[in-house]
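Open the model in your viewer and keep the sequence panel in sight. This tour goes stop by stop, saying what to select and what is there.

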Amino acid sequence: PPAFAYGAFPHYEPLLRLLAYPGPTFYFYTPLSEIQEKMFVINTTFCADPSVAAEVKLWCCTAYADEAVKFGFSDVIVSKVVNLDEGADAESTAVQMQCADTKLIDEWFNTAGTRLIDECRKKYGDKVLPFTTYMIRLR
């Protein structure tokens with residue numbers, strides 16, 4: 001394993017060990033020829049207290065998703081996150097949006113995206129925890 005991988009990003013160490021593993025080839029379901037390396041997916045999940053979950057879900061479907069479409073993102077999807085823990089005390093709504101250009105992502109989070117997250121935090125306080133995951137679409 002490369003020496004640089006450990007220490008700088010300790011929370012990624014298990015993944016880096018796997019990627020540096022010199023063992024047998026890993027086989028993926030998606031053929032490499034079908035990978036769309038230029039399509040980025042931004043997933044923002046809003047984990048909400050049940051007392052505001054319905055309102056947050058509506059806000060995601062309207063304010064957040066509508067703004068993402070106006071901004072130029074494609075395939076904007078709003079989903080309820082399935083919680084398999086019956087005793088969970090939170091409900092989550094996820095908004096996924098796609099684009100082919102990282103400049104659009106930067107513009108979004110320097111303007112509308114940050115403004116909307118700030119509005120959400122101001123309106124719901126600590127009853128909502130938004131977090132964003134950045135992905136590259138494989139298929």
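A salt bridge here is a side-chain nitrogen of Lys or Arg within 4 Å of a carboxyl oxygen of Asp or Glu. Keep in mind that the model is predicted. By the salt-bridge rule, the count comes to three.

**Stop 1: the salt bridges**

Select Glu119 and Arg115. Their side chains meet in a salt bridge, 3.2 Å from N to O. Both residues sit in helix 5; because they are four residues apart, about one helical turn separates them. An α-helix has 3.6 residues a turn, so residues three or four places apart point the same way. Glu119 is partly exposed, at 37% relative accessibility. Arg115 is partly exposed too, with a value of 37%.

Keep Arg115 and add Glu67. These two form a salt bridge as well, with the closest N and O atoms 3.3 Å apart. This pair links distant parts of the chain: Glu67 belongs to helix 3, Arg115 to helix 5, and their positions lie 48 residues apart in sequence. Glu67 has a relative accessible area of 23%, so it counts as partly exposed. Show Glu67, Arg115 and Glu119 together: salt bridges link them in a network.

Now select Glu55 and Lys123. Their side chains form a salt bridge at 3.4 Å, N to O. Again the pair links distant parts of the chain, with Glu55 in helix 3 (residues 53-71) and Lys123 in helix 5 (residues 112-124), 68 residues apart. How accessible is each partner? Glu55 is partly exposed at 41%, whereas Lys123 is exposed at 54%.

**Stop 2: strand 1 and its neighbours**

Select residues 40-48, which make up strand 1. Is this strand mostly enclosed or open? Eight of its nine residues are buried, so the rest of the structure largely encloses it.

Colour strands 3 and 4 next. Strand 1 runs antiparallel to strand 3, and nine bridges join them. Strand 1 is also antiparallel to strand 4 (residues 128-136), again with nine bridges. For a landmark on the strand 4 side, pick Val41, whose bridge partner there is Met135. For one on the strand 3 side, pick Phe46, which stands opposite Thr93.

Stay on Thr93. This residue lies in strand 3 (residues 91-99). Its relative accessibility is 4%; buried means under 20%, so Thr93 counts as buried. Which residues does Thr93 touch, leaving out those up to four places away in sequence? They are Thr44, Thr45, Phe46, Lys57, Cys60, Val78, Ser79 and Val81.

**Stop 3: helix 4**

Select residues 102-110 for helix 4. Start just before the helix, at Asp101. A side-chain oxygen of Asp101 reaches to within 3.0 Å of the backbone nitrogen of Lys103, at the start of helix 4.

Now colour the buried residues of the helix: Leu104, Ile105, Trp108 and Phe109. Look down the axis. The buried residues fall within an arc of 125°, so they line one face of the helix. Turn to the other side, where Lys103 and Asn110 are exposed. What do the buried residues pack against? Their partners are strand 1, helix 3, strand 3, helix 5 and strand 4.

**Stop 4: the aromatic rings**

Show the aromatic side chains. The count comes to nine aromatic pairs. Zoom in on Phe73 and Trp108. Their rings are edge-to-face, 5.5 Å centre to centre with 85° between the planes. Phe73 sits in the loop between helix 3 and strand 2, while Trp108 is in helix 4, 35 residues apart. Both Phe73 and Trp108 are buried.

Move to Phe109 and Tyr134. This pair is also edge-to-face, at 5.8 Å between centres and 70° between planes. Phe109 is in helix 4 and Tyr134 in strand 4, 25 residues apart, so to speak a link between distant parts of the chain. Tyr134 counts as exposed, at 51% relative accessibility.

Finish by selecting Phe46, Trp59, Tyr64, Phe71, Phe73, Trp108, Phe109 and Tyr134. They form one aromatic cluster. Phe46 is a familiar member: it stands opposite Thr93 in strand 3.

Note on methods. Residues are numbered from 1 along each chain as its sequence is written. This is a predicted model: local features need pLDDT of at least 70, side-chain atom pairs count only at pLDDT 80 or more; totals for chains, interfaces and linings use all residues. Side-chain values use heavy atoms; hydrogens and water are left out. Helices (H or I, at least four residues) and strands (E, at least two) are DSSP runs, numbered from the N terminus. Buried means under 20% relative accessible area, exposed over 50%, partly exposed in between (1.4 Å probe, protein chains only). Contact means heavy atoms within 4.5 Å. Two strands pair if DSSP finds at least two bridges between them. Rings of Phe, Tyr and Trp (its six-membered ring) pair if their centres lie within 6.5 Å; planes under 30 degrees apart count as stacked, over 60 as edge-to-face and the rest as tilted. The arc is that of the directions from the helix axis to the C-beta atoms. A polar contact is a pair of N or O atoms within 3.5 Å; within protein, one must be able to donate a hydrogen and the other to accept it, and residues adjacent in sequence count only if both atoms are side-chain atoms.
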